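New to this one? Here's a quick briefing to read alongside the structure, grouped by topic.

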Amino acid sequence: MCGRFTMSAETDELITEFIARGGKLEDWRPSYNVAPTEAAPIVRERVRDGETLREIDAASWGLKPAWAKSGGPAPINARLEGVASNGMFRNAFAARRCIVPMNGYYEWVATAEGKQPYFIHGPETLMAAAGLYELTKTAEGSWALSFTVITREAADASGEVHDRMPVFLTPDTWDTWVTPQKADSTGAKDELVAMLDRSSLAVAATISTYPVSKRVNNVRDTSVAKDDPTLIEPIAV
């Protein structure tokens with residue numbers, strides 16, 4: 001699974017990287033320890049007044065479909081193997097696909113001294129994970145965005161730490177993935193799944209991993225600043 005990741009880029013960097021316009025990211029602050037339920041940037045496309053717009057917006061991590069009951073599950077991950085047909089995800093997979101920018105993510109290995117975190121990343125500063133998003137109307141009448149990260153069986157270096165990994169997109173697949181055009185046929189969905197499989201394996205071949213400080217283990221520890229870049233510095237174990 002992917003249960004924690006880093007997103008240290010500023011809004012302007014994200015706009016440049018993904019050629020998008022800024023959305024409601026006024027409160028976004030770079031974080032080296034993004035946890036479930038917290039807000040993070042997503043890249044999505046939508047049609048407004050006949051024009052397709054690519055935007056970067058803040059969304060909470062944990063997918064909440066509009067039809068879901070209050071207090072119900074809000075999955076942070078969706079398995080690639082069934083994402084196109086699973087009832088929780090199939091509507092979003094067909095029409096609400098997004099990119100989740102990240103520098104890398106954390107996984108843990110059980111040791112005699114406790115859980116040891118590892119930072120898993122690619123050669124580039126920013127990686128593009130495949131995600132899905134939902135829009136839900138709040139009690140105040142505004143719209144809340146939520147997202148989930150698609151995962152797959154881990155490959156290459158990522159598989160040395162954990163059996164699952166995020167599905168990462170190569171730049172040539174970004175446009176196809178975020179297009180608001182609905183994938184409303186079995187064939188179209190199968191093509192998207194196959195594209196995700198190919199692109200994620202290509203990115204997996206470039207991934208590296210190394211151990212980092214256990215300070216990332218407890219996201220509720222207020223003595224550890226989320227914007228502290230030393231959280232991803234390699235350590236000896």
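In this predicted model, the largest pocket is lined by 14 residues. Lys24, Arg44, Asp57, Trp143 and Leu145 are the ones nearest its centre. After the pockets, we'll turn to a covered strand and an open sheet.

**The largest pocket**

- Its volume comes to about 350 Å³.
- Four strands each put at least two residues into the lining: β2 (21-22), β4 (39-48), β5 (51-61) and β11 (143-153).
- Sort the lining residues of the largest pocket by type and you get 5 nonpolar, 3 polar and 6 charged.

**The second largest pocket**

- This pocket has a volume of about 300 Å³.
- There are 16 residues lining the second largest pocket, and Glu124, Leu126, Met127, Leu169 and Pro171 sit closest to its centre.
- Helix α1 (11-18) and strand β10 each give at least two residues to the lining of the second largest pocket.
- The lining of the second largest pocket splits into 10 nonpolar, 4 polar and 2 charged residues.

**Strand β7 and its partner**

- β10, which helps line the second largest pocket, also pairs with β7: the two are antiparallel and share 6 bridges.
- β10 covers residues 127-137, while β7 covers residues 97-102.
- Within that pairing, Val100 is found opposite Ala129 of β10.
- Is β7 mostly covered or mostly open? It's mostly covered, with 6 of its 6 residues buried.
- In a regular strand, side chains take turns between the two faces of the sheet.
- In β7, Arg97, Ile99 and Pro101 point one way, and Cys98, Val100 and Met102 point the other way.
- Whichever way they point, all of these β7 residues are buried.

**The open sheet**

- Five strands make up an open sheet: 5 strands in the order β3-β1-β8-β9-β13, paired antiparallel.
- Which strands stand at the edges? They are β3 (31-34) and β13 (208-211), and each has a single partner strand, so one side of each has no neighbour in the sheet.
- From one strand to the next, the twist averages 30 degrees.
- At the β3 end, β1 (residues 5-7) and β3 run antiparallel and are joined by 2 bridges.
- Phe5 has Val34 in β3 as its bridge partner.

How values were computed
Residues are numbered from 1 along each chain as its sequence is written. This is a predicted model: local features need pLDDT of at least 70, side-chain atom pairs count only at pLDDT 80 or more; totals for chains, interfaces and linings use all residues. Side-chain values use heavy atoms; hydrogens and water are left out. Buried means under 20% relative accessible area, exposed over 50%, partly exposed in between (1.4 Å probe, protein chains only). Two strands pair if DSSP finds at least two bridges between them. On a 1 Å grid over the protein atoms alone, a cavity is a set of points where a 1.4 Å probe fits but cannot get out, and a pocket is an open set with protein on both sides within 12 Å along at least five of seven lines; lining residues have an atom within 4 Å of a point. Grid points are joined across faces, edges and corners, and a volume is the space filled by probe spheres set on the points. Ala, Val, Leu, Ile, Met, Phe, Trp, Tyr, Cys and Pro count as nonpolar, Asp, Glu, Lys and Arg as charged, and the others, Gly among them, as polar. Axes are lines fitted to C-alpha atoms, for helices over the stretch in contact, and angles run from 0 to 180 degrees between N-to-C directions.
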